[in-house]
Amino acid sequence: MSPKNVLSMVKEQGPKMVDFKFIDFVGIWHHFSVPVAELTESSFEEGFGFDGSSLRGWMPIHISDMLIKPDPRTAVMDPFYLEKTLNMICNIIDPVTREHYAKDPRYIAQKAENYLKETGLGDTAYYGPEAEFFVFDNIQYDTDVNHGFYFIDSQEGHWNTGKEEGPNLGYKPRYKEGYFPVPPLDSLQDVRTEMVLLMEQMGIKVECQHHEVATAGQCEIDMRFAPMTKMADNLMWFKYIVKNVAKRNNKTATFMPKPLFNDNGSGMHTHISIWKGEQNLFVGEEYGGLSKTGLYFIGGILKHAPALLALSNPTTNSYRRLVPGFEAPVNLAYSSRNRSAAVRIPLYSNNPKARRIEFRTPDSSCNPYLAFAAMLMAGLDGVQNKIDPGLPLEKNTYQLSAEEAKTVPVVPGSLEEAIGHLEKDHQFLLKGEVFTEDVLRTWIEYKMENEVAPVRLRPVPYEFSLYYDI
C-alpha cells in the first residue's frame with residue numbers, strides 16, 4: 001500500500017483520527033494520535049516529532065527530538081477506539097541525519113531481512129510464533145520497603161474448588177490438565193473467538209485457538225506464518241487485541257512467562273523456515289526431512305542459544321519457566337516430534353512447504369523485532385559456518401540418566417547468566433551491521449540496572465516461609 005492508497009482509504013472509511021504506533025527498545029508499544037486532516041502525502045516522508053528521551057533506553061534529554069515515519073503498508077482501522085481511527089506502525093528517524101535510528105527495533109528486524117538477501121542464502125524468512133498467555137479475573141501486586149506481594153485469581157483456578165461462589169459449580173481445570181477440555185471446563189472459548197475474529201478482521205490469518213495446559217485461563221492462539229518483520233508487527237497487534245478484548249470482558253490478560261507457581265508457564269514456540277523464491281530451503285533428505293541448510297540452521301541456533309536467550313527470554317521471570325519438570329525445554333538439543341528438545345522438527349504434514357524448525361525456548365515477553373532478528377542471525381551463522389548440530393536426541397530429556405544428562409548442554413539458569421553469554425558471544429549479531437555494539441551495550445546495561453539488580457535486592461515472600469524463624 002502506498003501513501004496515496006492510504007489517503008484513498010481515509011476517504012473511503014472516514015476515520016477522524018490517525019494513530020501512530022511504535023515500539024520502544026524494551027518491547028512495549030507506544031502511540032500518539034493526530035486529527036486526520038494532519039495526514040498528507042508529505043507526512044510519509046516528513047514524519048511527526050516526539051520526545052525520544054521519555055522512552056526507555058533511547059535518547060538523552062539534550063538531544064531528545066526524534067521523528068516517527070509511518071509505514072503505509074501497515075494501515076488498518078483500529079477495532080477498539082470509540083471514534084473511527086486509522087492506525088499505522090512506524091519506524092524511528094533521526095531528525096538531523098534523516099536516517100533510521102540504530103536502536104529502533106523494527107529497523108533492526110528490517111536490516112536482518114536485508115542481510116539474509118545480501119548473503120544470497122535466501123530472500124524470505126518466515127516466522128510462526130505460538131504465543132501463550134493467561135486470562136485472569138483479578139490481579140493485585142505491590143512492593144515497597146516493608147512489603148511485597150502478588151495475588152492472582154481466576155474463576156478457572158483449581159485453587160478455588162472450595163471457595164464460596166454462590167454457587168461454586170466446580171468446573172475448574174486441574175493443575176497441568178487444562179489442555180483442550182471442552183466447555184464448561186474451558187470457560188474462555190467465546191473470549192478467544194472474539195480475539196480471533198478481530199485479528200482476522202485486521203488481516204492477521206489465524207490457524208487455531210484453544211485452552212492451554214495450565215489451570216486458571218491459560219490460552220493459545222496460533223497465527224499463520226508470515227515474513228519476519230510482518231510477523232513481528234502481527235505479534236504486537238496480537239498482544240494489543242488479546243489485552244483489550246480481555247479488558248472489555250472484565251478480565252485481564254498477561255504474557256508474563258511464569259505468573260503461577262507449580263503449573264506450566266507461557267512460552268512462544270517459534271516456527272522458522274528460509275525460502276528462496278518459491279523454494280523452501282529447509283526441505284531435504286536429511287534427518288526429519290530437512291536439508292543440510294536446515295540442519296546447519298539448527299546448529300547455529302543451538303550454538304548461540306545461551307546468548308540468544310538474553311533477547312528471546314529477556315526477563316528475570318522468563319527463567320522461572322525454564323526449569324525441568326514442565327513443558328519448557330531446558331536442554332539444548334534437537335529432535336523430530338520430541339517436545340522436550342529446545343528445537344523440534346514438526347512432522348504434522350508431508351507437504352514440503354510445511355517443513356520448518358521450531359525453536360521452543362522463547363517466550364512472548366520479548367521484543368519480537370529483536371528476538372526474531374537474533375534467531376535469524378544465529379541460524380544464518382550456522383549455515384555460513386556449516387555448524388553441525390550433532391546427533392538428534394530422541395529420548396525424553398527429562399528422563400535421562402545422570403550420566404546421559406551431563407552430555408546435554410542446558411539453557412542459562414537466569415537472565416544475568418544469559419546476559420553474560422551475550423557479552424561473550426555476539427559477533428554473529430554484528431554481521432551486516434544488523435545489531436551494533438552500542439545497541440547491545442544499551443540492552444545489557446538496561447537489563448542489568450533496571451531488572452536484574454532490583455530483583456536481586458528484594459526479598460521474596462517464600463523466603464519468609466523459609467527463614468523468618470531462623
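Trainee: Where does L466 lie?

Mentor: L466 sits in helix 13, residues 461-467; helices are DSSP runs (H or I, at least four residues), numbered from the N terminus. This is a predicted model, where local features need pLDDT of at least 70, side-chain atom pairs count only at pLDDT 80 or more, and totals for chains, interfaces and linings use all residues. Residues are numbered from 1 along each chain as its sequence is written, and side-chain values use heavy atoms, with hydrogens and water left out.

Trainee: Why is L466 called partly exposed?

Mentor: Buried means under 20% relative accessible area, exposed over 50%, and partly exposed in between (1.4 Å probe, protein chains only). L466 has 40%, so partly exposed it is.

Trainee: And what makes T315 count as buried?

Mentor: Its relative accessibility is 17%, so T315 counts as buried. T315 is in the loop between helix 6 (292-312) and helix 7 (318-321). Beyond its neighbours within four places in sequence, T315 is in contact (heavy atoms within 4.5 Å) with P257, S365, L415 and E451.

Trainee: How do you know that C208 has no disulfide?

Mentor: A disulfide is a pair of cysteine sulfur atoms within 2.5 Å. The closest cysteine sulfur to that of C208 is in C219, 12 Å away, so that's too far for a bond. C219 is in no disulfide either, and the count by this rule comes to zero.

Trainee: Are those two cysteines buried or partly exposed?

Mentor: C208 is partly exposed at 34% relative accessibility, whereas C219, at 0%, counts as buried.

Technical notes. Helix = DSSP H or I, 4+ residues; strand = E, 2+ residues; numbered from the N terminus.
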